[in-house]
Amino acid sequence: MKILYVDDIRNPKVWNNNLDEVIIARTYEQALKNLLSFKFDIIDLDHDLAEEKTGYDIVKFIVENKIFAPTIYLHTANPVGRYNMKGMLERYTKSKVLVY
């Protein structure tokens, strides 16, 4: 299983299975590069990335470019960002969107 984990500070805690290949992106640009290079089974996104671009910008890129994963997790503590990201994903994708 191939997983993209996007967060500027934290490391993934959930994805520890040795069968999983986890790619960590710390910036918007790293996330886009990986989204264009690989097909992911799971995308796990934070909203606040300590730069001008956010997880919401990544969600817009995913939707605009039809780069989908079966499951997308949102692990942000930003309630407005989470609401906006979840809303866009649920409107424009068939991905299962989960928040933790």
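Exposed, in this talk, means over 50% relative accessible area, and buried means under 20%. Partly exposed is whatever falls in between. Keep those cut-offs in mind. One more point before we start: this is a predicted model.

Let's begin with Ala 50. Its relative accessibility is 71%, so Ala 50 counts as exposed. It sits in the loop between strand 3 and helix 2. The backbone deserves a look here. Phi of Ala 50 is positive, about 55 degrees, and Ala 50 is not a glycine. For context, most residues other than glycine have a negative phi.

Where else do we find a positive phi in a residue other than glycine? At Lys 66, with phi near 50 degrees. Lys 66 belongs to the loop between helix 2 and strand 4. Its relative accessible area is 64%, so Lys 66 is exposed.

Asn 65 is in the loop between helix 2 and strand 4 as well. At 37% relative accessible area, Asn 65 is partly exposed. Here is a distance to check on your screen. From the C-alpha of Asn 65 to the C-alpha of Asn 84 is 18 Å. Along the chain, those two are 19 residues apart.

Now the core. In soluble globular proteins, nonpolar side chains tend to be buried together. The largest nonpolar core in this model has 25 residues. Which of them touch the most other members? Leu 4, Val 6, Leu 35, Ile 43, Leu 45 and Ile 58. At least two core residues come from each of these elements: strand 1, strand 2, helix 1 (28-37), strand 3 (42-45), helix 2, strand 4 (71-74) and helix 3 (79-92). Helix 2 gives the most, with five residues.

Take Leu 4 as an example. Set aside its neighbours within four places in sequence. Leu 4 then contacts Ile 23, Ala 25, Ala 31, Asn 34, Leu 35, Phe 40, Ile 42, Ile 43 and Asp 44.

On to Thr 71, in strand 4. Buried or exposed? Buried, because its relative accessibility is 14%. Again leaving out neighbours within four places, Thr 71 is in contact with Asp 41, Ile 42, Ile 43, Lys 96 and Leu 98.

Next, helix packing. Two packed helices are described by the angle between their axes and the distance between the axes. For helix 2 and helix 3, the angle is about 10 degrees and the axes are 9 Å apart. Angles under 35 degrees count as roughly parallel, so helix 2 is roughly parallel to helix 3.

Which residues meet there? From helix 2, we have Gly 55, Tyr 56, Val 59, Lys 60 and Val 63. From helix 3, we have Asn 84, Met 85, Met 88, Leu 89 and Tyr 92. By type, this contact divides into seven nonpolar residues, two polar and one charged. Note that Asn 84, from our C-alpha distance to Asn 65, is one of the helix 3 residues here.

Last topic: charge pairs. Side chains of opposite charge can pair when their charged atoms come close. How many salt bridges does a search of the whole structure find? Five. I'll go through some of them.

First up is Lys 2 with Glu 21. Their closest N and O atoms are 2.9 Å apart. This pair links distant parts of the chain. Lys 2 is in strand 1 (residues 2-6), Glu 21 is in strand 2 (residues 21-25), and 19 residues separate them. Lys 2 is buried, at 15% relative accessible area. Glu 21 is partly exposed, at 41%.

Then there is Asp 57 with Lys 60, at 3.4 Å, N to O. Why about one helical turn between them? Because they are three residues apart in helix 2 (residues 55-64). Asp 57 is buried, with a relative accessible area of 14%. Lys 60 is partly exposed, at 30%. We met Lys 60 a moment ago, among the helix 2 residues that meet helix 3.

Elsewhere, salt bridges that share partners join Asp 7, Arg 10 and Asp 46 into one network. Within that network, the closest N and O atoms of Arg 10 and Asp 7 are 2.8 Å apart. Arg 10 is partly exposed, at 35% relative accessibility. Asp 7 is buried, with a relative accessible area of 1%.

Conventions: Residues are numbered from 1 along each chain as its sequence is written. This is a predicted model: local features need pLDDT of at least 70, side-chain atom pairs count only at pLDDT 80 or more; totals for chains, interfaces and linings use all residues. Side-chain values use heavy atoms; hydrogens and water are left out. A salt bridge is a side-chain nitrogen of Lys or Arg within 4 Å of a carboxyl oxygen of Asp or Glu. Helices (H or I, at least four residues) and strands (E, at least two) are DSSP runs, numbered from the N terminus. Buried means under 20% relative accessible area, exposed over 50%, partly exposed in between (1.4 Å probe, protein chains only). A nonpolar core is a set of buried Ala, Val, Leu, Ile, Met, Phe, Trp, Tyr and Cys residues joined through side-chain atoms within 4.5 Å. Contact means heavy atoms within 4.5 Å. Axes are lines fitted to C-alpha atoms, for helices over the stretch in contact, and angles run from 0 to 180 degrees between N-to-C directions. Angles under 35 degrees count as roughly parallel, over 145 as roughly antiparallel, 65 to 115 as roughly perpendicular and the rest as oblique. Ala, Val, Leu, Ile, Met, Phe, Trp, Tyr, Cys and Pro count as nonpolar, Asp, Glu, Lys and Arg as charged, and the others, Gly among them, as polar.
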